[in-house]
Amino acid sequence: MRAIIFQVSDSKHLYSIFYILLSLILLFFSYFPVYSNYRQAPAGSFYYGATGNYPLDMIGNLASVYEGYLGHLRRFSKSTTTVYSQPTFIKFEYLLIGHLARIFNSDPLIMFYLTRFIITILFLIFIGFVLIPGLFNNFLSRIIAAVLVLFSTGILPAIYDDNIRILLTFPPDIYPFQRLTTTAHHYLLGSFFSLLAFFFLSKAVDSPKKLYYILPPVFGFLTAFVFTPSAIMLILSLPVFIILYSKTYPLKKNYKKYRNIFILFLTFIAASIIPVVYLLRVSEFFEFNTFYKTEQIAPYNINPVNYIFIVGISYLLALFSISKVFRKSNTLLFFFLSFTLVHPIAVFLLPGLLSVNKIRFFLTPYHFIFAFLATYGILSLSDFFHTKFLILSRYFFIGLFTVIPLFSSWYVYSMSFNQQKNCFCQWQFFDYGNPKKDLMDAIFWLRKNSAEDDIVLSGYYAGTLIPAFSGNKVYTSWWFRLMQPDNFKEVSGNIQNFFSGNISPETALSFLKKEKINFIFFSDEEMNNYAGSKSLKYPFLKPVFQKNNTIIYQVDEKLKTVF
């Protein structure tokens, strides 16, 4: 008996060592390219940790962080002063990061990365030391689950559709070296909260403890608030769960149990819907309309074959777990199986109904759920083939079916690793990840020497960076250009006329007064696209910052009355 106890103890200890090693491998491949980016950043550029070729979303999130850093409980869109907007609680998780930076007297950018890393570690602990040991009772199955959860992915992301490679626009957040480490906070938290919601839902179904009835609605609310598509997936899984669960626990024989389940589910759904109702309320605001605009930039008109390529072999293996799920009668596995059956339906049916992009449902925690079930699928297939081919060991088939989903993803691993690298090129959109140091020094000057309500006039490029790094309001930005509201031509014309000097000083000053503009940001974009000269000649402007080609002008209050 003592020998068995020691054997079990050693097995748990060995699993813990393996899981920690696997986690360190994941962290290495996720963060080593970022470390290399810092070392390879060209002289004269400001690299702040952005990865991939599309850092604009990160800049938008950093703008929300800075709102919290300024002490705001709600986020106000500062991407343009020409369109009325209202403060909202959208992206409150980023506001909270800003508040933490303010409380601990830290730079918002440092707190941004620190909180993401902490979430990653907590997520890894929850997966490796709560979920996996709870679902699998031996060393081999736990290691298989750990490997698949951390590394299983799609077969090939380069899918052709209408002569456009989805690879070029498919978000890297779903790749293996991003989804648990360097993805956006709201995607990371959306997956984490979703698994916590399923975990406590299963606990509440199995146990009458009051705490288990309180926690599922809490995590349902949080999931819906940080990433609504994940909450939608949770809600859609509930009726399927009832159907699957009733096969093991018939409704007629367990009436009281199902009554409690229905109450639990209704409470969960009610809590999860509250953030959705709030989002619908603010959907008329400029920022939310911008979201709908971005949803149409790269439509993912995938078909079922594309779906299998995106989710990978793990999905097919997960379908072979059904018999084992019913034999084990594990409540959490029933929730996971429900999610697995609902996911492809949601991908193909819900985007049209909700006016969102299909990609949103690929940013849910399907990787992890498919991987858990795929482990049971591997065990089922190994048992089956071992009985058919007795000459081959069961462990041979376990190894074979574990290697297949990993080997089939070799191209995605390469893409995922390279996606963490920064090209340090100055092409459109790429250059937001490594702006020139002179330009950023000017923005940091604004942070120290201006009030947050001071409005800055600039081109689209600087106008995008300023709210994220100094917290000022801007006249226009890339987000404004993307949205192109009704006044877009007027605003664009105002920028062109002011920087080109095609208007009189009186007209220029009248424009600044009308728009309540305090500072003019003049750098490469303004110089090359509008002015054609290295400085602005308006007599009411005084330079308050200058470094190489970047100048900040302030409207001279004393000269305002002259014109």
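Guide: Let us begin with a word that we shall need at once: contact means that heavy atoms lie within 4.5 Å. Please also keep in mind that the model in front of you is predicted.

Visitor: Which residues does Y376 touch, if residues up to four places away in sequence are not counted?

Guide: With those neighbours set aside, Y376 touches L135, F136, S321, K324, K328 and L333. Y376 itself is found in helix α15, which runs over residues 366-388. One member of that list, K324, is 52 residues away from Y376 along the chain, and yet the C-alpha atoms of the two are separated by 6.7 Å.

Visitor: Is Y376 buried or exposed?

Guide: The reading depends on a cut-off, since a residue is called buried when its relative accessible area is under 20%. Y376 has a relative accessibility of 5%, so Y376 counts as buried.

Visitor: Where are L201 and H186 found, and what do they touch?

Guide: L201 is found in helix α6, residues 185-206, and H186 is found in helix α6 as well. Leaving aside neighbours within four places in sequence, L201 is in contact with P216, L238, L264, F265, F268 and F335, while H186, counted in that way, touches N61, E93, Y94, V226 and F227. Both count as buried, because the relative accessibility is 0% for L201 and 13% for H186. For L201 there is also a distance to note: F219 is 18 residues apart from L201 in sequence, with 9.7 Å between their C-alpha atoms.

Visitor: How many helices and strands does the protein chain have, and what percentage of its residues count as buried?

Guide: The protein chain has 24 helices and seven strands, and 56% of its 563 residues count as buried. If you take the contacts with a separation of 6 or more, 74% of them are between residues 24 or more positions apart.

Visitor: How do α18 and α19 pack?

Guide: The general idea is that two packed helices are described by the angle between their axes and by the distance between those axes. In this structure, helix α18 (residues 437-449) packs with helix α19 (residues 460-469) at an angle of about 45°, and their axes are 10 Å apart. That angle makes α18 oblique to α19, and α18 passes α19 in a right-handed crossing. On the side of α18 the contact is made by L439, M440, I443, F444, L446 and R447, and on the side of α19 by Y461, L465, I466 and F469. When these residues are sorted by kind, nine are nonpolar, none is polar and one is charged.

Visitor: In what order do the strands of the open sheet come?

Guide: The open sheet is formed by five strands in the order β4-β3-β5-β7-β6, and its pairing is mixed. At the edges are β4 (473-474) and β6, each of which pairs on one side only. To see what mixed pairing looks like, start with strand β3 (residues 455-457), which pairs with β5 in the parallel sense over three bridges; there, I455 has I517 in β5 as its bridge partner. Helix α21 (residues 488-500) packs on the sheet and touches β3, β5 and β6, with its direction making about 70° with that of β5.

Visitor: In which sense does β7 pair with β5 and with β6?

Guide: Strand β5 (residues 517-522) pairs with β7 in the antiparallel sense over four bridges, and strand β6 (residues 541-547) also pairs with β7 in the antiparallel sense, over six bridges. A good residue to find is I552 in β7, which stands opposite F521 and is also the bridge partner of F545. Strand β7 (residues 550-555) is mostly covered, with five of its six residues buried.

Visitor: Which residue in the turn between β6 and β7 has a positive phi?

Guide: β6 and β7 form a hairpin with two residues between them, and in this turn N548 has a positive phi of about 55°. N548 is a residue other than glycine, and it is exposed, with a relative accessible area of 57%. Compare K91, another residue other than glycine, whose phi is positive and near 65°. K91 has its place in the loop between α2 (56-69) and α3 (92-103), and with a relative accessible area of 24% K91 is partly exposed.

Definitions and conventions:
Residues are numbered from 1 along each chain as its sequence is written. This is a predicted model: local features need pLDDT of at least 70, side-chain atom pairs count only at pLDDT 80 or more; totals for chains, interfaces and linings use all residues. Side-chain values use heavy atoms; hydrogens and water are left out. Axes are lines fitted to C-alpha atoms, for helices over the stretch in contact, and angles run from 0 to 180 degrees between N-to-C directions. Angles under 35 degrees count as roughly parallel, over 145 as roughly antiparallel, 65 to 115 as roughly perpendicular and the rest as oblique. A crossing is left-handed if the near helix is turned anticlockwise from the far one by less than a right angle, and right-handed if clockwise. Ala, Val, Leu, Ile, Met, Phe, Trp, Tyr, Cys and Pro count as nonpolar, Asp, Glu, Lys and Arg as charged, and the others, Gly among them, as polar. Buried means under 20% relative accessible area, exposed over 50%, partly exposed in between (1.4 Å probe, protein chains only). Two strands pair if DSSP finds at least two bridges between them.
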